[in-house]
Amino acid sequence: MNLVLINAESGKGGGPATICDDIYVNFCSADANNHALVCYGRQCNEDTDVARYKIGGRLDLAWHLMDTRLFDAHGLASKRATRQLIDKLRDFHPDVVNLHNIHGYYVNYKMLFEYLAAEGIPVVWTLHDCWSFTGHCAYFDLAGCDKWQTHCKHCPQKGAYPATALFDRSYANYELKKQLFAGYADRLTIVTPSAWLAELVRQSFLKDCHIEVIHNGIDLGIFKPTPGDFKKSRGIEDKKMVLALASEWTVRKGYEDIKYIGTHLPADYQLVIVGLAEEQVADVPEGIIAITRTDNVQQLVEIYSEADVFVNASVEDNFPTVILEALACGTPVATYDTGGCCEEIDDTCGILTAKYDKDGLISAITRLGDKSPARKAACTTKAAGFEKKKMYDKYNGLFGSLR
C-alpha cells in the first residue's frame, strides 16, 4: 500500500511535523509492502529515517507570503511548486493521501484538491486547527466569532495568521473551501485529535464527511519520570516548582496570564517558563525563571519530571501534547478548560478551570502542589492511554479500510 503524507513541516521537534513523521514510521513498520512519502513545505530535520519530498523553494515561499499579506489569498499561490508536487504524486501512485496542515505558504490547495478529485484518491485529513472550515483564520475563540457556521465575511481577524494587510477575501475563501472540501465529502475522512474539534467540524460545511477522533500520541519510552538536577542548579530545591511550557509564547498560549500567575503564587512556589523567544526573556517579571526554546528533549523530560505542577493557560488550542508529556513524566496538570484539554486529564491527575480565570488556575496549582506517589502514579497511568503506537495503529486501520 502506498501512502503520501503532506504537511507544512517535517521532523521539526513537536506538533504536526512530529505527528506526521510518527504516522509514517508506524505505517511503514507495520507491513513490508507498505511504502510512504512525506511531502513538506519548509523546515525539516533530516536526522530521522523518513523518505521526504520538499515542495517548492524559497522564492515560492516568499511569493506565497506576499500573496497572502496583500490579497488574503492564502493557499492559492505556489502554482509551480504544486504542479511539481502533483507530478511527484503521479509517479508515486498513492492509494491514500493523509493531509495535515496544508496552510503554511507552500501549496496551492485548489490545484491539489482538483488533482485528488480527478484521480479519485481517498483522503484522510488530520486537522490540527480550524483553518479548513473558515474563510481566513486557524482559530476563532479569542475573537468570539461564529461566522464560520454560516458564512465568513468581514473577518475580524485579518491580522491573525495567516495575516493580510489589505484585502479581506474571507467571503471568497469560504466559498472556495466549501466547494472543494465539502464537494469531496464522499472520498474525504476528517480525523481530529480531540472530540472538541470533531464537534466543531460537525457544525461546519464539512459535516457530511466521515469524521473520526484519533488522539495525538506520545513516546512513553522518552517521556517518563526521569531524575535530574534542575531544581538544584537553580537554587529552588526548597520550593514547589510550577512549569509552563510552549513552543511559542503568544496571547493564544496565555502568555500574559502565565506571567500574572507567576507573580501571584504563594511564596513557597516557583514558576518556570520554558520556550521563550530571546526578546521575551527581558519581558518576564522578576522572580520568574525564564528559559528560551530548546530542542534538547532529554533536558525537557528532566524538567517535566522535577516540576510539582504543570500549568497550561492556553485560551485557544486543540489537543496540547505538552499536557500528555507532563503527565507521562508523573506531573499533575492545572489547565484552562480549552479545546480538548478535558479529554487529557481527570480528577486523579489534574484540575480544569474556566478560561481566563487566572486566580482559579492559581488555586488549582496549590491544590495539586503536593506531588504524592499516588498522584504521580495516576498521572503516568493516564498518559499510558495515549501511547503513540496505540494511537497511530488506528491510522493504519483507517488507511487500510479506504484502499
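## A partly exposed lysine

Lys 388 is partly exposed, since its relative accessible area is 23%, and buried would require under 20%. Keep in mind as you look around that this is a predicted model.

Which residue does Lys 388 meet in a salt bridge at 3.4 Å? The partner is Asp 22, with the distance taken from N to O. Asp 22 lies in helix 1 and Lys 388 in helix 14 (residues 388–402), so this pair ties together parts that are 366 residues apart in sequence. Asp 22 itself is buried, with a relative accessible area of 16%.

## A neighbouring pair in helix 14

Let's stay with helix 14 for a moment. Here the side chains of Lys 389 and Asp 393 form a salt bridge, with N and O 2.9 Å apart. Both residues belong to helix 14 and sit four residues apart, which is about one turn of the helix. Lys 389 is partly exposed at 43% relative accessible area, and Asp 393 is also partly exposed, at 34%.

Some salt bridges share partners: Asp 22, Asp 219 and Lys 388 are joined into one network in this way.

## A buried pair

Now turn to Arg 52 and Asp 21. They form a salt bridge whose closest N and O atoms are 2.9 Å apart. Arg 52 lies in strand 3 (residues 52–54) and Asp 21 in helix 1 (residues 15–30), so the bridge ties together parts 31 residues apart in sequence. Are these two residues buried or exposed? Both Arg 52 and Asp 21 are buried.

## The whole count

How many salt bridges does the structure hold? There are 15, including the pair of Arg 52 and Asp 21.

How values were computed. Residues are numbered from 1 along each chain as its sequence is written. This is a predicted model: local features need pLDDT of at least 70, side-chain atom pairs count only at pLDDT 80 or more; totals for chains, interfaces and linings use all residues. Side-chain values use heavy atoms; hydrogens and water are left out. A salt bridge is a side-chain nitrogen of Lys or Arg within 4 Å of a carboxyl oxygen of Asp or Glu. Helices (H or I, at least four residues) and strands (E, at least two) are DSSP runs, numbered from the N terminus. Buried means under 20% relative accessible area, exposed over 50%, partly exposed in between (1.4 Å probe, protein chains only).
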